[in-house]
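Please find below my comments on the model, set out as numbered points for you to check against the coordinates.

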Amino acid sequence: MARRKKATAKQCAMTGMTFPTNEFYANNNSKDGLHAYSKKADNFRRRTGVNAADLRTMFTNLFNTTA
């Protein structure tokens with residue numbers, strides 16, 4: 001069986017932005033071994049106390065107004 005090449009970038013589920021894989025926390029329960037949110041987005045969520053769904057909406061609105 002051939003080995004799969006590790007991904008070098010991943011899309012953050014919260015912001016929709018693509019980051020290098022070293023910008024994600026490890027998560028052994030996920031298929032790719034990485035958390036769904038980038039470190040920056042997850043730290044922002046933890047510091048502000050806002051839930052992930054509200055942040056996802058905020059980022060979506062932000063990107064829609066600037067595009």
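**Notes on the predicted model**

1. Arg45 and Asp42 are both placed in helix α1 (residues 39-48), three residues apart, or about one turn of the helix. Helices here are DSSP runs of H or I with at least four residues, strands are runs of E with at least two, and both are numbered from the N terminus. Arg45 forms a salt bridge with Asp42, in which the closest N and O atoms are 2.7 Å apart; the term requires a side-chain nitrogen of Lys or Arg within 4 Å of a carboxyl oxygen of Asp or Glu.

2. This is a predicted model, in which local features need pLDDT of at least 70 and side-chain atom pairs count only at pLDDT 80 or more, while totals for chains, interfaces and linings use all residues. Residues are numbered from 1 along each chain as its sequence is written, and side-chain values use heavy atoms, with hydrogens and water left out.

3. As to confidence, pLDDT is the predictor's confidence in each residue, on a scale from 0 to 100. The mean pLDDT of the protein chain is 88, and 90% of its residues reach 70 or more. Among the elements, helix α2 (residues 52-66) has the lowest mean value, 86, and strand β3 (residues 24-26) the highest, 96.

4. The protein chain has two helices and four strands, which run β-β-β-β-α-α from the N terminus on. Buried residues make up 21% of the 67 residues, where buried means under 20% relative accessible area, exposed means over 50%, and partly exposed lies in between (1.4 Å probe, protein chains only).

5. Asp42 also meets Arg46 in a salt bridge, at 2.8 Å from N to O, and these two residues, being four residues apart in helix α1, are separated by about one helical turn. Salt bridges that share partners thus join Asp42, Arg45 and Arg46 into one network. Within this network, Asp42 counts as buried at 1% relative accessibility, Arg45 is partly exposed at 25%, and Arg46 counts as exposed at 53%.

6. The structure holds three salt bridges, and one of them pairs Asp32 with Lys10, the closest N and O atoms being 2.9 Å apart. This pair links distant parts of the chain, 22 residues apart, with Asp32 in the loop between β3 and β4 (34-38) and Lys10 in strand β1. Asp32 is partly exposed, with a relative accessible area of 45%, whereas Lys10 is buried, with 15%.

7. What else surrounds Lys10, which lies in strand β1 (residues 9-11)? Not counting residues up to four places away in sequence, Lys10 touches Met17, Thr18, Phe19, Phe24, Asp32, Leu34, His35 and Ala36, a contact being heavy atoms within 4.5 Å. The side chain of Lys10 also reaches the backbone oxygen of Leu34 at 3.4 Å.

8. On the surface, Met17, Leu62 and Phe63 form a nonpolar patch with about 250 Å² of accessible area together. Patches are made of residues with over 30% relative accessible area and no salt bridge, like charges being joined within 9 Å and nonpolar side chains (Val, Leu, Ile, Met, Phe, Trp, Tyr) within 5 Å; the areas come from the Shrake-Rupley method with a 1.4 Å probe, and for residues only the protein chains shown count as cover. Phe63 is in helix α2 and counts as partly exposed at 32% relative accessibility.

How values were computed. A polar contact is a pair of N or O atoms within 3.5 Å; within protein, one must be able to donate a hydrogen and the other to accept it, and residues adjacent in sequence count only if both atoms are side-chain atoms.
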